[in-house]
Amino acid sequence: MLKKYKDKLLALLKPVQARPNLDFGCHNVVVEDKNYLMCRAIVPDIAEMLEIESAVYAGDQPWSYEDFEKHIQNKLTSLYIVVRYEDRMVAFAGCDFTYGPSEAHVTNIAVLPEYQHQGLGLMMLKTLQTEAKKYGCRHLSLDVRRSNLEAQALYRRAGFKEVAVKNAYYKDEDGLEYSYNLVNRNLKKRVEKGWKKIRI
């Protein structure tokens, strides 16, 4: 009996190979009473993504055209989504599904300043959480500047928890790593129903 449970546990812990997520098409989404169109990014979107990046980072562009192009074209292990309002791109986010064994990593998330605080960041994070779980990932991580308290508050609202400090990660500043557990999100509900956790 014990061997059967150990075999199941080992199967769960085995790294999952990334699978293509080719079924991510365009979706109409409503966020705070506004209708948006969310689609998988394509290479022609990069020019607008760079404009958003520049607006968010006060003229700086941490990622180049080539950086975005590499991730967008790699449809087997990466997903970039763009959000449009009345045909204008207002936000984007990206995720690498093979960052580590069974771990996905949010590589980018940006919302035009005039569209911030309207729920778009949270909606994109929830979308990436869902897609990472479909891939079979067990964790979703991201990095943030220690000084970016606003972004940290957003990540905590999305269920992420701070797990590490990365010294001088941004060259001029420490980074914080946040992680989201994709596997046991319903454990609390199960415990509330009176289910017992079995230790192996």
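**View 1. The disulfide of Cys-26 and Cys-39.** This predicted model holds 1 disulfide. Cys-26 and Cys-39 form the bond, with their sulfur atoms 2.2 Å apart. The link is right-handed, with 120° about the S-S bond. Cys-26 lies in the loop between helix 1 (2–13) and strand 1 (27–31), and Cys-39 lies in strand 2 (residues 34–40), so the pair ties together parts that are 13 residues apart in sequence. The two ends differ in burial. Cys-26 is exposed, at a relative accessible area of 53%. Cys-39 is buried, at 11% relative accessibility.

**View 2. Cys-95 and Cys-137, two cysteines outside the disulfide.** Cys-95 is in no disulfide. For Cys-95, the nearest cysteine sulfur belongs to Cys-137, 7.1 Å away. A disulfide needs sulfur atoms within 2.5 Å, so a separation of 7.1 Å does not count as one. Cys-95 is buried, with 0% relative accessibility. Cys-137 is likewise in no disulfide, and the nearest cysteine sulfur to Cys-137 is that of Cys-95. Cys-137 also counts as buried, at 8% relative accessibility.

**View 3. Met-38 and its contacts.** Met-38 lies in strand 2. Its relative accessible area is 4%, so Met-38 counts as buried. Its contacts include Phe-24, Gly-25, Cys-26, His-27 and Val-29. Met-38 also touches Ile-81, Val-82 and Val-83. Met-123 and Thr-127 are further contacts of Met-38. One of these partners can be placed by distance. Met-38 and Phe-24 are 14 residues apart in sequence, and their C-alpha atoms are 9.8 Å apart in space. Cys-26, a contact of Met-38, is also one half of the disulfide with Cys-39.

**View 4. The largest nonpolar core.** This core has 54 residues. Leu-120 and Tyr-155 touch the most other members. Strand 4 (residues 88–100) gives the most to the core, with 7 residues. Tyr-155 can be followed through its contacts. Among them are Ile-109, Leu-125 and Leu-142. Tyr-155 also touches Val-144, Phe-160 and Tyr-178.

**View 5. The open sheet.** The sheet is built from 8 strands, in the order 1-2-3-4-5-6-8-7. Its pairing is mixed. Strand 1 and strand 7 (161–166) are the edge strands, and each pairs on one side only. From one strand to the next, the twist averages 30°. Strands of a sheet pair through backbone hydrogen bonds, either parallel or antiparallel.

**View 6. Strand 3 paired with strand 4.** Strand 3 (residues 78–85) and strand 4 pair in the antiparallel sense. The pairing covers 8 bridges. Val-83 stands opposite Ala-91 in strand 4. Val-83 is also a contact of Met-38. Strand 4 is the strand that gives 7 residues to the largest nonpolar core.

**View 7. Helix 2 and helix 3 across the sheet strands.** Helix 2 (residues 46–56) lies across strand 3, strand 4 and strand 5 (103–111). Helix 2 runs at about 95° to strand 4. Helix 3 (residues 65–73) lies across strand 3, strand 4 and strand 5 as well. Helix 3 runs at about 105° to strand 3.

Conventions: Residues are numbered from 1 along each chain as its sequence is written. This is a predicted model: local features need pLDDT of at least 70, side-chain atom pairs count only at pLDDT 80 or more; totals for chains, interfaces and linings use all residues. Side-chain values use heavy atoms; hydrogens and water are left out. Helices (H or I, at least four residues) and strands (E, at least two) are DSSP runs, numbered from the N terminus. Buried means under 20% relative accessible area, exposed over 50%, partly exposed in between (1.4 Å probe, protein chains only). Contact means heavy atoms within 4.5 Å. A nonpolar core is a set of buried Ala, Val, Leu, Ile, Met, Phe, Trp, Tyr and Cys residues joined through side-chain atoms within 4.5 Å. Two strands pair if DSSP finds at least two bridges between them. Axes are lines fitted to C-alpha atoms, for helices over the stretch in contact, and angles run from 0 to 180 degrees between N-to-C directions. Lists of a residue's contacts leave out its neighbours within four places in sequence.
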